[in-house]
Amino acid sequence: MTTDTHTGGDVRLTGISKTYGSFTAVHPLDLTVPQGSFFALLGASGCGKTTTLRMIAGLEDPTTGTIHLGDRDVTDLPPHKRPVNTVFQSYALFPHLDIAENIAFGLRRRGVKSVKRQVDEMLELVQLGDKARHRPHQLSGGQQQRVAVARALINHPQVLLLDEPLGALDLKLRRQMQLELKRIQTEVGITFVHVTHDQEEAMTMADTVAVMNAGRVEQLGAPADLYDNPRSTFVANFLGTSNLIEGEVVEAAGEVTVAAGGGKLRMPADRCAAATATGGRLLVGIRPEKITLAHADDADAIPAGRNKVTGRISDASFIGVSTQYVVDGPAGTGLQVYEQNIERDTRLVPGAPVVLHWNVEHTFGLDAAQDRAAGVETVEDAA
């Protein structure tokens, strides 16, 4: 961390790329991280997100392109001259120092004599005031994580980089820490750039998410927009689950109408991320929780104007808050429906004939030439 007082400004990557011999880890990309935002780089392992973060930190030299912090070009500056700090998955705390001295380390290294007030402020920020004299091994993983964040923030960086910071924590603790990191970022107002492979983590904390795939940014936007309006099959599948039903465009005036599964499905034209020429092929997308499941005997009670497909339940899994159904029918096999367990219909069991229906406004369209399985996580990915 430098003592330079240069302040403010967005993080701007222009034409940044990274190649290792014949392998391209990051294809040339332009990216702007607004000052004071919580920004997430999200993607599966090997997608280039950590390499991008390391180039911002100065730990990797870009093959092409420039990095600006505000109006300052930092592309050629070594890590310690950049107004950034990084928090890694391994917290790298000093085991022989107590928590207060771990947090004070960066200040002491810069020759700052009076550190108590700043250390106390940081301990209060991360809610560890009563742990100042503890050693790292006496703290839980989540507490050690907060010490690592405090140690980085005490240097007043322009940007805090977080590389899979919650990867070592169990699920319940991760969820608590997601809220904790968001609170800290909101309080200090510093730009956070967070790398993660965990979709829920990115969507819980970040203002803006860049979904990366094979060294490129597939889509950039607010979490809700990415989820509701995916522009590729990769984003549709990687962020949650999507049902993708292939069909043929039969009309594209105002709304787009697609013949699929023995019927017609409609969607708003502005939710279609593909050409909609009549006769073209489209993937009609709908999220599982947007669908209502009705027994075929109740088909006449379904309100007019909704998208509908028929099928038969092949599997049902009760998971407490909801039941997850798998339905096979003319529109495709393995369609997924998540129904909240409010008033359960006991007829909805494997083998039952059903109608899936949903609001036209919740439907999106994608180019059918794409790989329908792109972004679907496998057991190997999750390992």
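Visitor: How much space lies in the second largest pocket?
Guide: Keep in mind that we're looking at a predicted model. Of the 18 residues lining the second largest pocket, the closest to its centre are Asn237, Thr241, Ser242, Gln336 and Val376. The space in this second largest pocket comes to about 400 Å³.

Visitor: Which element gives the largest share of the lining of the second largest pocket?
Guide: Three elements give two or more residues to that lining: α8 (233–238), β11 (243–253) and β19 (332–340). The largest share is 5 residues, and the strand they come from is β19.

Visitor: How many residues of the lining of the second largest pocket are polar?
Guide: Let's set the other classes aside first: 6 of the lining residues are nonpolar and 2 are charged. The polar ones number 10.

Visitor: And how much space lies in the largest pocket?
Guide: This one is lined by 22 residues, and the closest to its centre are Asn85, Thr86, Arg109, Arg151 and Asn155. By class, the lining has 13 nonpolar, 6 polar and 3 charged residues. The space in the largest pocket is about 540 Å³.

Visitor: Which element supplies the largest share of the lining of the largest pocket?
Guide: β6, α2 (99–109) and α4 each supply at least two residues there. The largest share is 4 residues, and the element behind it is β6.

Visitor: Which strands are the edge strands of the open sheet?
Guide: The open sheet has 6 strands with mixed pairing, in the order β6-β7-β8-β3-β9-β10. An edge strand here pairs on one side only. Read the order from end to end and you meet the two edges, β6 (84–87) and β10 (216–221).

Visitor: What does the twist of that sheet average from one strand to the next?
Guide: Follow the order β6-β7-β8-β3-β9-β10 across the sheet. From each strand to the next, the twist averages 20 degrees.

Visitor: Inside that sheet, do β3 and β8 run parallel or antiparallel?
Guide: Strand β3 covers residues 38–42 and strand β8 covers residues 191–196, with 5 bridges joining them. One of the bridge partnerships is Leu42 with Thr196 in β8. The two strands run parallel.

Visitor: Which strand does helix α4 run at about 170 degrees to?
Guide: Two helices lie across strands of this sheet, so to speak, and here's how each one sits. Helix α1 (residues 49–57) lies across β3, β6, β7, β8 and β9, at about 150 degrees to β7. Helix α4 (residues 141–153) lies across β6, β7 and β8, and the strand at about 170 degrees to α4 is β6.

Visitor: Which residue takes a positive phi in the hairpin of β17 and β18?
Guide: β17 and β18 (residues 322–329) pair in the antiparallel sense over 6 bridges, with Ser317 and Gln324 as bridge partners. The hairpin has 3 residues between the strands. The residue there with a positive phi near 90 degrees is Gly320.

Visitor: In β20, what is the bridge partner of Lys308?
Guide: β17 (residues 307–318) also pairs with β20 (residues 353–358), in the antiparallel sense over 6 bridges. Lys308 has its partner in β20, namely His357.

Visitor: Are the rings of Phe94 and Phe105 stacked or tilted?
Guide: The model has 3 aromatic pairs. Phe94 lies in the loop between β6 and α2 and Phe105 in helix α2, so their pair ties together parts 11 residues apart in sequence. Their ring centres are 4.6 Å apart and the planes lie at 50 degrees, so the pair is tilted.

Key. Residues are numbered from 1 along each chain as its sequence is written. This is a predicted model: local features need pLDDT of at least 70, side-chain atom pairs count only at pLDDT 80 or more; totals for chains, interfaces and linings use all residues. Side-chain values use heavy atoms; hydrogens and water are left out. Two strands pair if DSSP finds at least two bridges between them. Axes are lines fitted to C-alpha atoms, for helices over the stretch in contact, and angles run from 0 to 180 degrees between N-to-C directions. Contact means heavy atoms within 4.5 Å. On a 1 Å grid over the protein atoms alone, a cavity is a set of points where a 1.4 Å probe fits but cannot get out, and a pocket is an open set with protein on both sides within 12 Å along at least five of seven lines; lining residues have an atom within 4 Å of a point. Grid points are joined across faces, edges and corners, and a volume is the space filled by probe spheres set on the points. Ala, Val, Leu, Ile, Met, Phe, Trp, Tyr, Cys and Pro count as nonpolar, Asp, Glu, Lys and Arg as charged, and the others, Gly among them, as polar. Rings of Phe, Tyr and Trp (its six-membered ring) pair if their centres lie within 6.5 Å; planes under 30 degrees apart count as stacked, over 60 as edge-to-face and the rest as tilted.
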